[in-house]
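Here is a friendly walk through one model, with an eye on its rings, its sheet and its core. Have the viewer open and follow along.

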Amino acid sequence: VQLVESGGGLVQPGGSLRLSCAASGTIFSIYAMGWYRQAPGKQRELVATITSAGTTNYADSVKGRFTISRDNAKNTVYLQMNSLKPDDTAVYSCSADVQSARGTIPYDYWGQGTQVTVST
């Protein structure tokens, strides 16, 4: 199973970006999917998660500005980021809890990360 992120880049404060993360490979079912970020010199932190049923959870720092969504038919999770701030600058990585075959134990997979830089 591979997760491939796209959509990162450089944006000015107050701007928007949309990240995508597509899962591919031997996939029977995907449970929770999520976005995490790690800024230089800081620990990785949760940004947002979404269950297969669509229940979402957000870090307090992004509530009201970021929206996580998923397309189960495409095995893809998205992160719409609005009103971006310099403090949002980080490498953003997606994760997915993937069951590869019926009856097997789900396993957490991670993408390689995409850089988001918020700066003038």
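## Rings, sheet and core

The charged end of Arg44 is placed over the ring of Trp110, 4.0 Å from the ring's centre. Please keep in mind that this is a predicted model. A second arginine, Arg18, lies over the face of Tyr78, at 4.1 Å from the ring centre.

Trp110 also has an aromatic partner. A pair of aromatic rings is described by the distance of the centres and the angle of the planes. The count comes to two aromatic pairs, and the table gives the geometry of each.

| Pair | Centre distance | Plane angle | Class |
|---|---|---|---|
| Tyr36 and Trp110 | 5.0 Å | 55 degrees | tilted |
| Tyr107 and Tyr109 | 4.9 Å | 70 degrees | edge-to-face |

Why is the pair of Tyr107 and Tyr109 edge-to-face? Their planes stand at 70 degrees, and edge-to-face applies because that angle is over 60. The planes of Tyr36 and Trp110, at 55 degrees, make a tilted pair.

Which parts does the pair of Tyr36 and Trp110 tie together? Tyr36 belongs to strand 4 (residues 29–38) and Trp110 to strand 10 (residues 107–110), so the contact links parts that are 74 residues apart in sequence. With 35% relative accessibility, Trp110 is partly exposed. Tyr107, at 51% relative accessibility, counts as exposed.

Now for the sheet. Four strands form an open sheet in the order 1-3-8-7, with antiparallel pairing. Its edges are strand 1 (2–6) and strand 7 (66–71), each of which pairs on one side only. On average, neighbouring strands here are turned by 15 degrees against each other, direction ignored. Five bridges join strand 1 to strand 3 (residues 17–24) in the antiparallel sense, and Glu5 has Cys21 in strand 3 as its bridge partner.

Next comes the core. In soluble globular proteins, nonpolar side chains tend to be buried together. The largest nonpolar core in this model has 29 residues, and Trp35, Leu79, Met81 and Tyr92 touch the most other members. Two or more residues each come from strand 3, strand 4, strand 5 (45–50), strand 7, strand 8 (76–81), strand 9 (90–99) and strand 11 (114–118). Strand 9 gives the most, with five residues.

What does Met81 touch, leaving aside residues up to four places away in sequence? Its contacts are Gly15, Ser16, Leu17, Leu19, Arg65, Phe66, Tyr92 and Val116. Among them, Tyr92 is itself one of the core residues that touch the most other members.

Notes: Residues are numbered from 1 along each chain as its sequence is written. This is a predicted model: local features need pLDDT of at least 70, side-chain atom pairs count only at pLDDT 80 or more; totals for chains, interfaces and linings use all residues. Side-chain values use heavy atoms; hydrogens and water are left out. Two strands pair if DSSP finds at least two bridges between them. Axes are lines fitted to C-alpha atoms, for helices over the stretch in contact, and angles run from 0 to 180 degrees between N-to-C directions. Rings of Phe, Tyr and Trp (its six-membered ring) pair if their centres lie within 6.5 Å; planes under 30 degrees apart count as stacked, over 60 as edge-to-face and the rest as tilted. Buried means under 20% relative accessible area, exposed over 50%, partly exposed in between (1.4 Å probe, protein chains only). A charge sits over a ring if NZ of Lys or CZ of Arg is within 6 Å of the ring centre and within 35 degrees of the ring normal. A nonpolar core is a set of buried Ala, Val, Leu, Ile, Met, Phe, Trp, Tyr and Cys residues joined through side-chain atoms within 4.5 Å. Contact means heavy atoms within 4.5 Å.
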